[in-house]
Every structure is written in structure tokens, then in C-alpha cells.
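I open this notebook to record what I looked up, entry by entry. I begin with strand pairing and then turn to other features.

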Amino acid sequence: MRGIPSPPLEDDFEGTVIALPDPDAGLLINLDLSVAIEARESIRTYQDTPLSIEDLSYLLWCTQGVKWIMEDCTFRTVPSAGARHAIDTYLYARDVHGLKSGLYRFLALEHSLGAISEEQQIPEIVYKGGLNQDCIQKASVCFIWVANSYRMTWRYGERGFRDIFLEGGHICQNLYLSSQVVGCGVCAIGAFNDDEINYLIGIDGEKKFAVYMAAVGKIPHAKEMTKNQGI
């Protein structure tokens with residue numbers, strides 16, 4: 001209404017882009033949704049087993065996959081106020097088969113990864129920024145969700161900040177439920193040092209800022225759990 005330019009659906013990425021496999025290409029456990037909801041819990045201990053890139057592709061699709069695109073918005077696998085989808089997914093991939101250890105950004109519009117950095121100090125920064133929580137060191141992947149505030153406040157003003165945090169909750173809950181299908185456990189992380197994580201990502205902490213994190217890794221009892229549930 002004010003004639004202010006609308007933000008792009010996704011920020012441009014300059015660098016190496018890695019195509020992800022089809023989200024359904026992996027070996028998925030047949031898990032009833034009601035069982036997944038009942039079994040949902042925070043898990044902080046993981047096997048020393050890498051995630052496959054197919055596993056990661058599936059989790060990214062379930063948490064922020066784009067189903068279709070309109071002129072000024074996207075419709076995804078999670079709800080967002082006004083279909084603004086103001087949160088971007090960054091990943092610290094420690095142990096993913098087919099990926100070098102490093103920092104990546106999920107490019108949702110084309111379902112691919114943008115490689116940001118493979119610097120050796122990244123694991124230490126993520127661990128310290130996550131307040132030295134052991135699950136971060138043990139996880140195969142650490143999800144870092146970053147808010148682009150203008151993408152939401154362009155439409156909703158100051159109230160848009162409330163919508164951003166609601167969106168983060170939707171995304172993380174989808175991660176909790178979908179992780180069980182690929183034999184993984186999740187621990188959401190709300191306690192982290194904002195300045196250190198924002199510095200790692202290379203954002204200002206005001207217009208763009210980290211809002212949430214989650215550790216993800218393989219767990220030994222996933223298949224046995226679904227077997228015991230009659231799946």
C-alpha cells in the first residue's frame with residue numbers, strides 16, 4: 001500500500017550450488033503419524049553414523065520444501081503468515097555422506113544447497129555458540145534457522161516479528177516428526193549465543209538473525225521402535 005518494494009522470495013546466492021536428490025529417494029521407514037507424534041521427544045545422543053544426503057534432502061523438504069510458487073509468495077510444507085516464509089535454513093554438516101564438512105544454506109526454491117564455508121574452525125564456533133552442548137558435537141547435522149525480518153515485516157509491520165517465531169516452531173516440529181522416518185533423533189536448541197551464531201552465518205543480528213537451532217543424528221533404536229508399534 002505504501003509502494004515499498006517487496007522483498008525477494010529468496011536471497012540470491014553466489015557460490016557453489018549442490019543439487020539435492022529427490023526427497024523420496026532414501027530408505028524411509030513406514031511410520032504412522034499418530035505413532036510419530038506419540039514418540040516425539042528430544043534426543044541428545046546419536047550413533048557415530050553419517051546421514052545420507054538422501055536423508056538430509058528429505059528432512060529439508062519436510063521442514064521448508066516448496067510445493068509451488070506464485071508471483072509474490074511460496075507455498076511450502078509448513079505454514080507461514082501470509083505465505084511470507086521469512087526463515088532460511090542454514091546447516092552445519094559435520095557427517096553427511098556425500099557432503100564435505102562445512103556450512104551450507106538451503107536454497108528452497110530449487111531444492112539445493114549453497115556451499116558457504118569449509119573452514120576448520122566452524123565446528124568450534126558452532127559448539128561454542130551453542131553454549132557447549134554435547135548434542136551439537138555428536139550430531140551429524142546442526143540446523144540453524146535464520147529470520148529475514150523484512151520478508152515478514154514488509155507486510156505485517158512490527159507484528160511480523162511474532163509471526164517469525166511462530167514459523168520457527170512450525171519448522172522445528174516438522175523436523176522432529178520427519179526425522180523418525182529416516183531413523184534420526186532431534187534436539188531443539190533455543191539456548192545459544194546470538195552474536196556468535198550470527199557472526200558465523202555472516203548476518204547483522206538485526207535485519208537478519210538466528211532464531212532457533214536443532215541437532216540431528218542417527219539413533220540405534222528407531223527401527224525397533226517402529227517394529228514395536230506394529231508398523
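**Entry 1: a strand pair.** I looked up V141 and found that its bridge partner is V216 in strand 11. The model is a predicted one. I then followed the two strands concerned: strand 9 (residues 141–148) and strand 11 (residues 208–218) run antiparallel and are joined by 8 bridges.

**Entry 2: the sheet.** I asked in what order the strands of the open sheet lie. The sheet has 7 strands in the order 1-8-7-5-9-11-10, with antiparallel pairing. Strand 1 (17–19) and strand 10 (184–189) are the edge strands, each pairing on one side only. I noted an average twist of 30° from one strand to the next.

**Entry 3: strand 7.** I asked how many residues of strand 7 (residues 102–107) are buried. The count is 6 of 6, so the strand is mostly covered, with "buried" meaning under 20% relative accessible area. In a regular strand the side chains alternate between the two faces of the sheet. Here I found G102, Y104 and F106 pointing one way and L103, R105 and L107 the other way, all of them buried.

I next checked the neighbours of strand 7. Strand 5 is joined to strand 7 by 4 bridges and runs antiparallel to it; Y90 has R105 of strand 7 as its bridge partner. Strand 8 (residues 112–117) is joined to strand 7 by 5 bridges, again antiparallel, and Y104 stands opposite A115 of strand 8. The hairpin of strand 7 and strand 8 has 4 residues between the strands, and in this hairpin H111 takes a positive phi near 50°.

**Entry 4: cavities.** I searched the whole structure and recorded 2 cavities of 30 Å³ or more. I examined the second largest, which has a volume of about 30 Å³. Its lining includes F106, R151, L9 and E10. Strand 5 (residues 87–93) gives the most to this lining, with 3 residues. By class, the lining residues divide into 4 nonpolar, 2 polar and 4 charged.

**Entry 5: cysteines.** I counted 0 disulfides. C184 is in none, and the nearest cysteine sulfur, that of C62, is 12 Å away. C184 counts as buried, at 2% relative accessibility.

I then asked why C187 has no bond to C135, whose sulfur is the closest cysteine sulfur to that of C187. The two sulfurs are 4.3 Å apart, which is too far because a disulfide requires them to be within 2.5 Å. C187 is also buried, with a relative accessible area of 1%.

Conventions:
Residues are numbered from 1 along each chain as its sequence is written. This is a predicted model: local features need pLDDT of at least 70, side-chain atom pairs count only at pLDDT 80 or more; totals for chains, interfaces and linings use all residues. Side-chain values use heavy atoms; hydrogens and water are left out. Buried means under 20% relative accessible area, exposed over 50%, partly exposed in between (1.4 Å probe, protein chains only). On a 1 Å grid over the protein atoms alone, a cavity is a set of points where a 1.4 Å probe fits but cannot get out, and a pocket is an open set with protein on both sides within 12 Å along at least five of seven lines; lining residues have an atom within 4 Å of a point. Grid points are joined across faces, edges and corners, and a volume is the space filled by probe spheres set on the points. Ala, Val, Leu, Ile, Met, Phe, Trp, Tyr, Cys and Pro count as nonpolar, Asp, Glu, Lys and Arg as charged, and the others, Gly among them, as polar. Two strands pair if DSSP finds at least two bridges between them. Axes are lines fitted to C-alpha atoms, for helices over the stretch in contact, and angles run from 0 to 180 degrees between N-to-C directions.
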